[in-house]
Amino acid sequence: MLMAIRKGNRRVNHRCRIVMKCVIHSSNQCNLWDASGDAQGVYFDLHEKRYLMKAYTSRRTALVGACALVVTPIWALPAQATPENDNIVINELYLRGGSKNQPYTHKFVELYNPTDAEISLDGMSLQYFSSSNADASNNVSLEGYSIEAGGYFLVRGGTNGSNGEAVPNVDLVASGLNPGGANGAIALVDGSADVDGVVAGDVSGNENFIDFVGYGESVKFETKAASYDGGNSDPGSITRTDGLDTDDNSADFDFVTVPTPQGSDDTAPDPDPDPDPDPDPELVAIEDIQGTGDTTPLDGDEVITRGVVTGVYTSGGFNGVYLQTPGTGGKIGDASHGIFVYSGSMANDVEYGEYVEVAGTADEYFTLTQLSNPTWEVLDETVEAPIPAVVTPADLATDEQREALEGMLIDVSAIEFTVTDSYQTNAHGQVALAMDSAALPTETDIYNPVTEQAEHDALVAENYSKMLTLDDGSSYNYTDFRFDDHEIPVPYLNLDTPLRVGAGAEITDPVILDYRYQWNLQPTERITGENDDFAVFEDTRAAEAEAPEVGGDITISTFNVLNYFTTLGVDLSGCSAYSDREGSPISVRGGCLVRGAWDAENLARQEGKIVTAIEELDASVVGLEEIENSAPFGKDRDDALANLVDALNANAGFDKWAYAESPADLPEDEDVIRLAFIYQVDEVTPTEESKILIGNDAFHNAREPLGQAWQALDDAGEPVGEEFVTITNHFKSKGSGTDDGTGQGNANPDRINQANALLDFAEAEYADHPVFLVGDFNSYGAEDPLRALEADGYVNLLAEKSEQIGEHLYTYTFDKRAGSLDHIFASETAHDWVVDTDVWNINSVESVGMEYSRHNYNVTNLFEADIAFRSSDHDPIKVGLDVPGLNDIVVVETEAPAFADNVITIPTVEGVEYLIDGEVVTGDVEITEDTTVTARALGGYELSEESVTSWTFEYVAPVLPDPKGNVFYVSDDWNGGDFVDAFAYGRIGDEVYAGDWDGDGYDTLAVRRGKTFYVNNELKGGDADAEFKYGRLGDEVLVGDWNDDGKDTFGVRRGHTFYLNNELIGGNAELEFKYGRDGDDVLVGDWDGTDGDTITIRRGSVYYVNNEHLGGNAKIVYNYGWVSDEALAGDFDGDGIDTVSIRRANVFHINNALTGGDADHEVKIGRASDTVLIGDWNGDGVDTPILNRVVR
């Protein structure tokens, strides 16, 4: 028999091969009996959507799985039954045929006769109601047909495209039946005339209807509308739940991902055993089962194969394992070496890495090659483990390449991934990825599919080649609260690193490439929020923490506020709700005119995010879309708008915001959502009443444009500058309407008409103003409606910015792509005002699981109150404007700096500042190298086009004097360049010393002649400033600041005794101590940065550093340089601490630490025969050399 079993959210048909009888009890459980009458340990619970099974088998060889058993029921459970069980019912609705990812090319409606007698369909018809329309359409007559007892009747409807296979078992073709794929209602009508004027609400008592099914956001239904998950690209139908018809659509229908069309020609398989059984299967390699095409060449054949277990799915609905041929994966071949085996029992019986032999049926499950109805045995053989195939994007670009890897382990760690969609993550644990550095662009956001078809089609193909989905090893829906999956942390979503479109992604562990409605990277086990760390996502929220800065005198913005309603679902009769996992209503689902929050608690959640976002956006004018029109609820039209402004002002702490009041004249039959403007009262003011387009049929299914004229305010609050106009828009959505076949979604002709009507409105009302068109146009950047605006001279500012920066900017994500439905257009005159444009990606890139409407949908809290992120599903755009007449810029011209004797003289010019190396300079600037001066305008000023903004001045090295005798050559850096000065001082043969004798921060020279010291306080020749006798002729003379007073004085060493004097006079020493040995070399310096100099001795190449004027052990001991090196002490880097450097011939090895090892810097200066003195000659804190040389 053909047995339909629900697995998670899908109904799976299993054709089973062992004949058993199924006795169905009043408890709706089914016990199974074999042909001999022996009871078997298997039962099905017909209430439970996930079937239960018990199988008593041997431990290692088992006949298992739903497909291992075929049951023959003593009576058959009907697909559904009305409460009276006396008439035809609608059994299944599949309304997405032909769309992307769909299994069938056409839509269908399946009828069922639950009675025990044939029923004629004469006089009956099928009719369609759009989600909010009171009148029926798409009338399909059923005259001349009937349905036998317990039979089905299949009506094939229209199509959305060419995807999928032909619908089987069709009884009636009705191409005019073309219902919406997400929202609407199908009625089985007792009559052939259109049923019009059906009011919203419960129609279960309406005598016109034999059966009625409202779905999605339909306002008409039996008790409550059924859920039809996803959109046209999400495969699935809605089918009767457990065969019940309780006149409650929401309870009677389930969304299933696998449609099951049944018509009058459906026949059950023969329950009797095959008199001619198939021959015993043979051992076949996995690659031969897979074949080189997209389907197995052995479809339907019984095969035996062997492989290593590479993936095990014991929970989550996959119910099976992956196998791969031992040792494969190192090389990519023409056929895959991996395969899926569908068996939950096998998944529970084998372990990852085991080598098994499996016998089963080779087949395709929606193009995933698999083995079903398996038996298996774990083998004892030792085999080589499969190797994950290391792949690049080039290996995964085509379906053919992917087919060759289907079911195999792959290593994608080297691929650069970017998140390109997260809509399915909170429900199905899937993340759409692009093998690229950016999210995939919506094709019609870049190219028009008609006028730029080749480029558009090429981008479609490119996007497909880059697209993969990271799955979670499960088919369960975390948001289907009939089950307990919401108690499991959903994978990939958390508040620590929020998953965002555009974020980089890295997958560190091997995954399996499989196909389940799309190509997936499948983990090797079920993944939840507790074991998802193999996927690492970039944190991109921080970059969007603040709204973009766009400059200008004022700013304008557009913001779709996601059905902000202050009229609540709880307040009106007939409203149905989307509820959280505890059954608490969150938002309105349908049944009434309200579209927003269910109650005050949820409104506060929604409002808190919107208020935060608008406040941080900080635009002067904000055009709002999807805010409540309060008039249909008996309130002032501006009531909800006023409530939002009150919330904004309460948050700001003062009356910062106001709203543009509704115009006196309004269109008839307005939508319950409207357009509006709010503004900051200190920045702009309305100059006249707002205006709305009235009487144009182009907007019969959309919101009429709303215009408002403005004037900017100066600091005193006075209106100044030219007036300008913003017109906010919300065109017809793509969710319903006529598809013109151009690839631009439903209702494209309507949006074209709306664009043209908008242009006429702007011309008629605001022809003499600069005009900005803002809003949600429900059209991507290159689609026909927006091209109509551009043809009239309007500039798409976000598209312009994208082109300028070479980066695709977007406001909305859908169907694994990112594009812009929201736009700001500038007229030709308005475009001159534009300073900058940017988008604030706070909403579209965030998971819907972060939205207020998904509060408490999972055990993991994903909702954050009062933050801007996921305050809506559209991102706001912000534009900065320079208003003519407000803060106008003064144009000034630069003057060139003057230059003489290496001094640059900076001029004083109003509105201009001059810079050297990024630092502002004024007055006279002395230079020591070639120097460039730049100029820039100050705020409120602008440099003229003629202004020169950069000047470069060449440093002229001074000509050194040519003294004779005891000559000193001064260097003030360690670059090895020219000397900066030269002079003669003292006599040939004098001993020369350097120090800061007067404490002015500059080192100068002193000479010793005999016992007499001649001290000079300037770097020049001539008479000494001080003269005195100190010490004996054989003393070793030392120079240092011994008492921390900032002045250097002399000391002497005799043997290893030190005599230090704190004044430049003779007499007895003030300090005397012993340190080191007689033969040690002595260096003086401030080794610890305390401003006082102490002694270091050098013994060979070892240095003993003492930080006090006493003997004893050294504080620091280290080895540096060679014994033959000349040691020099000084502060070589200006950090206040002296260190030791060495001179080897004429090469200085500069060391800035009291440690050994390599020098920090090496430089050649002077000659090897020069005498070297170290000092701070220019007062900059850095010690440099003076070379002493006898010149004759």
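Before I turn to the strands themselves, one term is needed: two strands are said to pair if DSSP finds at least two bridges between them. With that in hand, consider strand S62, residues 965–970, which is joined to S63 by four bridges, the two running antiparallel. I should say at once that what we have before us is a predicted model.

Let me stay with this pair for a moment. Which residue of S63 is the bridge partner of Val970? The partner is Asp981.

S62 and S63 belong to an open sheet of four strands, and its order reads S63-S62-S81-S80. The pairing in this sheet is antiparallel. At its edges stand strand S63, residues 981–984, and strand S80, residues 1171–1175. Each of these has a single partner strand, so one side of each is left without a neighbour in the sheet. On average, and with direction ignored, neighbouring strands here are turned by 25 degrees against each other.

I now move to another sheet. This one is also open and has four strands, in the order S57-S56-S59-S61, and its pairing is antiparallel. Which strands form its edges? They are strand S57, covering 919–921, and strand S61, covering 950–953, and each of them pairs on one side only. From one strand to the next, the twist averages 35 degrees.

Within this sheet, please look at strand S59, residues 931–937. S59 pairs with S61 in the antiparallel sense, over four bridges. To give one contact by name, Thr931 has Phe953 in S61 as its bridge partner.

My last topic is enclosed space. Rolling a probe the size of a water molecule over the atoms shows where empty space is left. How many cavities of 30 Å³ or more does the structure hold? It holds one. The largest cavity contains about 60 Å³ of space.

What surrounds that space? The lining of the largest cavity consists of Arg637, Glu670, Asp671, Ile673, Arg674, Leu675, Ile692, Ala702, Arg703 and Glu704. By character, these residues divide into four nonpolar and six charged, with no polar residue among them. Two strands, S41 at 673–680 and S44 at 703–713, each supply at least two residues of this lining. The largest share, three residues, comes from S41.

To close, I would ask you to keep three places in view: the open sheet ordered S63-S62-S81-S80, the open sheet ordered S57-S56-S59-S61, and the largest cavity, with about 60 Å³ of space. Thank you for your attention.

Conventions. Residues numbered from 1 in each chain as written. Predicted model: local features only at pLDDT ≥ 70, side-chain atom pairs only at ≥ 80, totals over all residues. Heavy atoms only, no water. Axes fitted to C-alpha atoms, helices over the stretch in contact; angles between N-to-C directions. 1 Å grid on protein atoms, 1.4 Å probe; cavity = no way out; pocket = protein on both sides within 12 Å on 5 of 7 lines; lining within 4 Å. Points joined across faces, edges and corners; volume = space filled by probe spheres on them. Nonpolar A, V, L, I, M, F, W, Y, C, P; charged D, E, K, R; others polar.
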